[in-house]
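Got your viewer open and a selection tool ready? Let's walk through some strands together, one stop at a time.

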Amino acid sequence: MSDPNTNITGTPNPSPTPPAPTGVTPSPAAAPPKPAAPKPAAPAKAGGKTRRFFLASLVGSWFAIAWTTLTASLLAMTLGTVRFLFPNVLSEPPARVKVGFADQYEEGKVVERYKDQNIWVVRYNGVIYALSTTCTHLGCTPNWLEREEKFKCPCHGSGFKITGINFEGPAPRPLERWAIAVGEDGQLVVDKSKKFQQERGEWSNPESFIKV
Ligand code: FES
């Protein structure tokens, strides 16, 4: 019988590796420790989140309203300033108005064609003049009554003769006259940048009428 501790060459067999004893902690080099898994964050309370969102929305809304109001106010102030600085450039009608040729006007007639531009053109006693259509009481616009040959104010009853002189009602003074001249093309030109008042003796100024 052969010896189990020797091989066929007669040299002793290497002794088998003894099994690792159970219950022994393995070496750290054999298996590196795994990092600890992060703990899941605790869920925020739903009620707190909703309240914070509501407050943030409220503050945002008020801020937006305040900002819009401020912007609108600044814009209005800017427009008001521009309107104050350039009143004629932006909205005023032209001061000079062509009203046709002198021979188109009949003696003793009031032409109302330019009434919407605050002008009556009148030919009377050999002169043509341009009357303002603004009542000298409180600024209403009188009407020319052809048969009665007078301007009658519908507001408080003031009356003015064809010359513009006040003779009834509360109007304290005559209608005003605009400057009038013959233009380069022969047409009459009324200039509303200059006015003439009878009570100041200005109707005798040659710029206030045209002789025909
Ligand atoms: S506004 Fe013309 S009478 Fe008063």
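Start by selecting residues 127-131, strand β4: β3 and β4 run antiparallel and are joined by 5 bridges. Keep in mind as you click around that this is a predicted model.

To see one of the pairings up close, pick tryptophan 120 and look across to β4, where leucine 131 stands opposite. Then move to the turn. The hairpin of β3 and β4 has 2 residues between the strands, and asparagine 125 takes a positive phi near 55° there; put a torsion readout on asparagine 125 if you like.

Next, select all of β3, residues 120-124, and colour by accessibility. How many of the 5 residues in β3 are buried? The count is 4, so to speak a mostly covered strand.

Stay with β3 and add residues 109-111, which is strand β2: β2 and β3 pair in the antiparallel sense, over 3 bridges. Zoom in on lysine 109, whose bridge partner in β3 is arginine 123.

Now hop to another part of the chain. Select β5, β6, β7 and β8: they form an open sheet of 4 strands, in just that order, with antiparallel pairing. Which strands stand at the edges? They are β5 (143-145) and β8 (166-168); each has a single partner strand, so one side of each is left without a neighbour in the sheet.

For the last stop, zoom in on the β5 edge. Its partner β6 covers residues 150-152, and 3 bridges join the two antiparallel strands. Show leucine 145 as sticks and you'll find lysine 150 of β6 standing opposite.

Methods
Residues numbered from 1 in each chain as written. Predicted model: local features only at pLDDT ≥ 70, side-chain atom pairs only at ≥ 80, totals over all residues. Heavy atoms only, no water. Pairing = 2+ DSSP bridges. Buried < 20%, exposed > 50% of the residue type's maximum accessible area, 1.4 Å probe, protein only.
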